[in-house]
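Visitor: Hello! Could you walk me through the inside of this protein, step by step?

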Amino acid sequence: MGAGPVGLLLACELARARVRVVVVERLAAAMNESRASQLTARTAELLHERGFDALLAEAGHEPRAHFGGLGFDLSEADSGHWGNWKVPQYRTEAALAERAAELGVPLLRAHELVELTRRPDCVVCGIRGPRGPLRIRAEYVVGCDGARSTVRRLAGVPVTAVPATRELLRADVTGVRVRDRRFQRLERGFAVAATRGGVTRVMVHVFGRAPAERTGPPDFAEVVAAWKKVTGEDISGGDPLWVDAFDNARGQADRYRSGRVLLAGDAAHWHLPVGGQSINLGLQDAVNLGWKLAGTVHGWAAPGLLDTYHAERHPVAARMLDYVAAQELLMLGGPEVEPLRAVFAEVLGVERARAHLAAVMSNLDDRYGPPGPAPMGRRVPNPRPRTEPVVVRPGSPDTAPLLLRPDGHVAWVGEEGLEEAIRGLIRTRAIPREDEEGRCGTVTRT
């Protein structure tokens, strides 16, 4: 449910693994708004591995990031795709939608989920569409339908949430000339401006102003007034392409899986969209979930493998929610946060602290599974695309074997304990062993 980036990438992952999937989307047409426009290094790696190099080629490369508006360099990040990649969300969605169509995934636009009935062997979805109601019987349903997820509500999944206390306005505007502002704190508020290709993205927050009750996007005049109040600049002569308001509400589903219903992306976790983390966490949810759900549908997944989706991704998002809350305080807090900002700016001068933040904000330090020797649980950059686990020996035949998951993370290292690790992923069947050049050799059976 949901044809945003998360739902489309998950559909691609499932279809690539030969799982029949249908995407249901409430909106009648694809969105044409820039919205989330930043892909992190880890997301860029995953897209590269899946053949989306054309999308990455059109993205602007940003070598720096920020934490709470305090900038630092990302070149120390351990990735061939280090940095942030600037590409409008509608382009990411278009590339994913094109791939899904190539894989034969049906996309039902202008169709809305209105009912969810659980049965022992399936979930029956009541859908309202332009030609009347229809019902879809699915083995599994994944809600990729945003922070106000209908799937989450109908499934009765509990959440832990913090209500909004602040609001930011943003717009993409043509025909204005304002200087770039990178996370600037002024006397009356916070302002950001950046111009690319003749389009200026402005974002503004008036200190002390509570979120407004809204049923739709704000008028451009409201953005103009807030920008004038904070910066003193007049942007009323511009032509708004897109206007939006967002707040600092944050929360997380207590469970990412409830039987045959699962949640991913903003349906599972939502927060102030600082540093583009929302779209990146969601796309990485899709990659983590895709192979596990495919293995469960095909019957080769070990018992409990699908439950590891929640066990692995819930802590990742919970940690990022804390990082986002800290950044919000640094960016949007009053004068009382200035000493904290001064101390944090000094900390960013320490190489190890800067490297740590670069890894966190690039999503490169996430690890899955129980503690163990490196590189267990860590990612292997740029592995060959796979839909099932495989045993590999990178480097030479004498190196210790790695049990590599389809999402590129190492499940086990070494011969000792390898059989048990394999049984944690698959039922009784063959797992291929590959040499460093990817040639299949002997197999091991659990």
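Guide: Gladly! One definition will help with the residue classes: Ala, Val, Leu, Ile, Met, Phe, Trp, Tyr, Cys and Pro count as nonpolar, Asp, Glu, Lys and Arg as charged, and the others, Gly among them, as polar. Keep in mind that this is a predicted model.

Visitor: How many cavities of 30 Å³ or more are found in the whole structure?

Guide: The search covers the whole structure and keeps cavities of 30 Å³ or more. With that cut-off, the number of cavities is four.

Visitor: Which residues are the closest to the centre of the largest cavity?

Guide: The largest cavity has a volume of about 120 Å³. Its lining is made of 13 residues. Of these, the closest to the centre are Arg42, Gln284, Arg313, Tyr368 and His409.

Visitor: Which element gives the most residues to the lining of the largest cavity?

Guide: Two elements give two or more residues to this lining: helix H2 (41-49) and helix H7 (277-298). The one that gives the most, with three residues, is H7.

Visitor: How many charged residues are in the lining of the second largest cavity?

Guide: The second largest cavity holds about 60 Å³ of space. Among the residues of its lining are Glu13, Arg16, Arg50, Arg386 and Asp407, and Asp, Glu and Arg count as charged. By class, the lining has four nonpolar and two polar residues, and the number of charged ones is five.

Visitor: Which element gives the most to the lining of the second largest cavity?

Guide: Helix H1 (5-16) and H7 each supply at least two residues here. With three residues, the element that gives the most is H7.

Visitor: Now for a sheet. Why is one side of E12 and of E21 left without a neighbour in the sheet?

Guide: The sheet is open, and its three antiparallel strands follow the order E12-E18-E21. Strand E12 (159-162) and strand E21 (269-270) stand at the edges, so one side of each is left without a neighbour, as each has a single partner strand.

Visitor: Which residue in E18 stands opposite Val159?

Guide: E12 and strand E18 (residues 250-253) run antiparallel and are joined by four bridges. Opposite Val159, in E18, stands Ala253.

Visitor: What angle does the direction of helix H8 make with that of E18?

Guide: Helix H8 (residues 308-332) packs on the sheet, where it touches E18 and E21. The angle between the direction of H8 and that of E18 is about 175°.

Notes. Residues numbered from 1 in each chain as written. Predicted model: local features only at pLDDT ≥ 70, side-chain atom pairs only at ≥ 80, totals over all residues. Heavy atoms only, no water. 1 Å grid on protein atoms, 1.4 Å probe; cavity = no way out; pocket = protein on both sides within 12 Å on 5 of 7 lines; lining within 4 Å. Points joined across faces, edges and corners; volume = space filled by probe spheres on them. Pairing = 2+ DSSP bridges. Contact = heavy atoms within 4.5 Å. Axes fitted to C-alpha atoms, helices over the stretch in contact; angles between N-to-C directions.
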